[in-house]
Amino acid sequence: AVVDVAIQDYVADVASELTYQNKSPISTEVLFLFPLCPQMSIYSFQACSEDVKVQAMLQDEAQQLHEATGSWENLEYLQDQSTYPGEVFACFLGTLSPGRELVVTLRYVQELSREPDGAARFGLPPTLHPYTKLYGTACALPSTMFLPAAWNCLSSQLPYSLLLTASLQSPRGVANVQASCSLTPLIYTAQDCSTAQVSLAGPPGQHDLELLVYFGDPSAVSAVVEKGNPEAPPGSLLGDPMVLVTLAPSIPEAVPGQRQSGEFIFLLDTTFLEHVQVPLQSRDQPAHCVFPQDSLLFLLKSLPLGCYFNIYCYEAASVGIYPKSVEYTQDNLTEAMWCIPSTSSSLGDTNLLETLRSVYSTPRPRGHARQLFIFMTGLPPDKEAIAAEVCRHRNSHRCFSFCFSEDSAALATALARETGGEATYISSDNSMTAVVLQCLKRALKPAAEVVSLSWTLPRGLEIEVLGGTPQSLFQGQHSLLYAQIHGQAQDMTVAKGVMTLQCSLDGQDVTHRIEFPLCSQGDGRLAGHRLAARSLLQRLLPEATSGSGDEPRHRAVEISLASGIICPFTSYVGIRTSQRVTWYQGPLALLAPRKSHVPCQIIELHGSCKDSSCYPVTIWVPPGWLRAVRESWHALCRLTCGIAALPNRGACSKAYVLCSPIFGPWSTEAFAECQKLVALQSEDGSWALSSGLASVLEVDEAEIKRKMPGEVMEPSIWATVLAVTWLHRPDKGYQDYCELLEAKAVTWLCSRAASQLDKCLEAANNLLGSSAKPNIFRL
């Protein structure tokens, strides 16, 4: 394999040439598979042998092209046999004779992830570095996939070679490159260190191949202009220059437990309420009585002071407990708990779509980043409309989605991915609370608010930001924007532009002013333009699929065909031609008959949900194998359908119960003890000295009052110290569940009785028989 990678900040363009040799004594049918990461898009593919060339082309009318390619049942076996979920590019390349070679050329673009230290992470897909499938683990492939005997998984040498070269560029300067393999020294190709090159030195090794590219300023705002395609018409998407904007302002860490801005909206369905709800007690009881339990109780109690919140129990009405989000206070929290429906009430059909529309129609409090926690039990019937609605508002909020069934996992992932959030599959009741609280901890990272961009350009030029500007930027994340320059300036070689980013950090207005040359840069590979097309397609698709007119669809098709980035209205077709004759370049309808078409398409594989990484693989199969597998597969399908049609005679249903790999099982008794203590905590983090607290601590209330140190002026200080000390018992595992709650309590204590804490802790240890250290009060 020969791989050439071009990395511009957090954008990568990869050009690869893969040469396969059939060293077996028999002919081999070849199926090429290339699974795609969510941030990755293919824009060019072709395969050549001595006699035949297969080239993937995008064309309009996807459904008609599916019919033209035919024989898509050949791919049915992949739907359940693959261990690689998500989109996969698949192409049948015919039969390769013994001793012959096949050369595959594949190009794709990708948005790179950003490490906490600001580095851009690039990982080479295993199709281009296939040690994971051809060495060591090749024998572990599913029984339906075969590799030639010449590729022995017990061989002491890798059965392939890899040449890798990376070109690096950033206006912030390229500072360093780290890799999981040996690299040549970094060579700078510009005096200001804005461009550099590095190559693979020696064998790639038997492990994942990753590059970490460090820039001069890891937390910065930058803009660089990529030149357009000179062959494209001026004013078109690929014809005009594109500004690649990186927004990663420095955001200070938040102190756990302190006041914090943010708007947290919880969307709950019936099954989630069944997990967290118990019958309500009378309103005459104290404000700290137990209402919702388990996940919801811990979630609401862990919110910080200073934020806003609301709860939607989505049903036919699709209204929130409050008309709009309210400030997080004890009164509002208690009222919200009372308004949550009990499990005995009929919530009707779940209507997540209308609930989302209701949320989006309410204004968010200024200076508070909006974050949605969506809990889904099953797959809603209008999943496409839900995804489109979230995509339409993706710049205004972030989604943390939780699904309780495998069929809703894809939708939960899509909602999180579109908004920069996270998706979690809840596999057991015991792990639900811990998983939800871990997501809340990540959601509590501070953010830059009220983000706005303004531009100053020479006369004759104007700029268009494709996809809009996010309203919030969260710590540890970055935002890539694509802005296209339209028009003509007098002298672009010396002209400069100015981009101004304004935002609010912790209530303080911050301004970043970036000056950048308008002289177009880049190597002509148009990585930024293609990713801009991908971003623009994401914005157009909700309107194009809503049936509101043909114009959005025509625009989406135009962008897709021009950029090579597939969309739902275009389809890949593999065109097979002989290299000995001139290939006709006319319309698809005038090409040779159907025998020139080969199956070549983006398909959806439903593999293991546990493997969320991109693990492409090239599969070689013996002659006639696909036909045999297809016939066996259809026979199995007929048998399965026949069994399903039999009367149900006491058959048991399948249940999936998986414990979280991070949080082990927690005893019901310990969980109930902790619940009681959490239910008694006030919204500010303190506990009141009460009989309820004495019951949880298993100490007589009179004894608690008698052992209170004389220096303590408020009983609540003593009560809060006792509660925090109780949570630190060594034989209990409360920390993962109560970390946020405890942080609020410690903050409250330090603001009122910092000088008294050591004596209070000594008295608390004596009373409870514990041995907590003073560092429990150090945040």
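In this predicted model, helix H17 touches helix H19 through Trp718, Val721, Leu722, Thr725 and Trp726, which meet Leu757, Cys760, Leu761, Ala763, Ala764, Asn765, Leu767 and Leu768 on the H19 side. Sorted by class, that contact comes out as 11 nonpolar residues, two polar ones and no charged ones. H17 covers residues 715–727 and H19 covers residues 757–768, and the two pack with their axes 9 Å apart at an angle of about 60 degrees. Angles under 35 degrees count as roughly parallel and those from 65 to 115 as roughly perpendicular, and H17 and H19 are therefore put down as oblique to each other. As for handedness, H17 goes past H19 in a right-handed crossing.

Next comes helix H18, which takes in residues 735–753. H18 has 19 residues, yet its end C-alpha atoms sit only 23 Å apart, short of the 27 Å that a straight helix would reach at 1.5 Å a residue. There is also a bend in H18, of about 40 degrees, and it falls at Leu741.

Helix H8 takes part in two of the packings described here, one with H7 and one with H11. Helix H7 (residues 352–360) comes first: its axis and that of H8 approach within 9 Å and cross at roughly 15 degrees. With angles under 35 degrees counted as roughly parallel, H7 and H8 are therefore roughly parallel to each other. Their crossing is left-handed. On the H7 side the contact is made by Leu352, Leu353, Leu356, Arg357 and Tyr360, and on the H8 side by Ala385, Ile386, Glu389 and Val390. Class by class, the H7 contact with H8 has seven nonpolar residues, no polar ones and two charged ones.

The other partner is helix H11 (residues 527–545), against which H8 (residues 383–392) packs at an angle of about 130 degrees, again with the axes 9 Å apart. Only angles over 145 degrees count as roughly antiparallel, and H8 and H11 are therefore oblique to each other. H8 passes H11 in a left-handed crossing. Here H8 brings Ala388, Cys391 and Arg392 up against Gln538, Pro542 and Glu543 of H11. The residues in this contact split into three nonpolar, one polar and two charged.

Definitions and conventions:
Residues numbered from 1 in each chain as written. Predicted model: local features only at pLDDT ≥ 70, side-chain atom pairs only at ≥ 80, totals over all residues. Heavy atoms only, no water. Axes fitted to C-alpha atoms, helices over the stretch in contact; angles between N-to-C directions. Helix = DSSP H or I, 4+ residues; strand = E, 2+ residues; numbered from the N terminus. Left-handed = near helix turned anticlockwise from the far one by under 90°. Contact = heavy atoms within 4.5 Å. Nonpolar A, V, L, I, M, F, W, Y, C, P; charged D, E, K, R; others polar. Expected span 1.5 Å × (residues − 1). Bend = angle between axes of the 7 residues up to and from the residue.
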